[in-house]
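Work through the following exercises on aromatic rings with the structure open beside you, and try each task before reading its solution.

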Amino acid sequence: MEVEIVQTSSISAYVGVRASAHMSNLGESIGRAFEELIRRRNEIKNIKNPNVTYGISPPNYKGNTGTVDFYCCFEVDPLENLPHGMIHIHLLPRTYSMTQYRGPASKTVTAYDYTTKWINENGYTNDDVSYYFERYDEMTIIESDDERNEIKIFCPVKKK
């Protein structure tokens with residue numbers, strides 16, 4: 001795995017479907033939300049890249065044993081005409097660690113563990129007031145839990 005620090009420079013907008021469940025059942029809820037997102041993609045205006053989706057987590061997910069939210073989205077520009085029942089999120093410019101994970105989707109958590117260790121060893125700390133997000137593209141193979149699966153993971157960070 002490789003980790004690097006990246007800085008976003010503009011506000012980005014996302015439209016999608018909310019998954020909400022206890023952490024232990026979140027995977028199933030996320031699967032249904034992504035299915036709905038893909039099924040309803042034609043309702044979303046101004047998708048920047050229809051081959052790229054995002055999984056966005058609010059800062060409250062870490063250590064939360066209760067209900068958590070996860071947003072399955074497309075990036076849009078500009079945001080307009082939000083489809084019925086969908087959500088929109090704006091992410092502000094911020095500093096992130098970006099981890100290039102390659103491996104089975106079922107083991108993505110290992111990338112988060114690796115990233116947390118890297119952040120702590122390199123003079124950063126998690127900035128838990130912002131959203132985390134994962135970027136999925138044509139290299140992402142979640143359905144078959146394939147070793148060739150690739151995901152980019154963005155964690156908000158700040159200098160210690």
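A charge counts as sitting over a ring if NZ of Lys or CZ of Arg is within 6 Å of the ring centre and within 35 degrees of the ring normal. The model used throughout is a predicted one.

**Exercise 1.** Find which residue lies over the face of Tyr124.

Solution. Lys159 lies over the face of the Tyr124 ring, at 4.6 Å from the ring centre, and the cut-off for this distance is 6 Å.

**Exercise 2.** State how many aromatic pairs a search of the whole structure finds, and classify the pair of Tyr14 and Tyr54.

Solution. The search of the whole structure gives 6 aromatic pairs. In the pair of Tyr14 and Tyr54, the centres are 5.1 Å apart and the planes make an angle of 70°; because planes over 60 degrees apart count as edge-to-face, this pair is edge-to-face. Tyr14 belongs to strand β2 (residues 12-22) and Tyr54 to strand β3 (residues 53-57), so the pair ties together parts that are 40 residues apart in sequence. Tyr14 is buried, at 4% relative accessibility, and Tyr54 is buried too, at 8%.

**Exercise 3.** Classify the pair of Phe133 and Phe154, and decide whether Phe133 is buried or exposed.

Solution. The ring centres of Phe133 and Phe154 are 4.4 Å apart, with 10° between the planes; because planes under 30 degrees apart count as stacked, this pair is stacked. Phe133 lies in strand β8 (residues 132-136) and Phe154 in strand β9 (residues 150-159), so parts 21 residues apart in sequence are tied together by the pair. Phe133 has a relative accessible area of 6% and is buried, while Phe154 is buried with 10%.

**Exercise 4.** Name the residues that ring pairs link into a cluster.

Solution. The cluster linked by ring pairs consists of Tyr14, Tyr54, Tyr96, Phe133 and Phe154.

Definitions and conventions. Residues are numbered from 1 along each chain as its sequence is written. This is a predicted model: local features need pLDDT of at least 70, side-chain atom pairs count only at pLDDT 80 or more; totals for chains, interfaces and linings use all residues. Side-chain values use heavy atoms; hydrogens and water are left out. Rings of Phe, Tyr and Trp (its six-membered ring) pair if their centres lie within 6.5 Å; planes under 30 degrees apart count as stacked, over 60 as edge-to-face and the rest as tilted. Helices (H or I, at least four residues) and strands (E, at least two) are DSSP runs, numbered from the N terminus. Buried means under 20% relative accessible area, exposed over 50%, partly exposed in between (1.4 Å probe, protein chains only).
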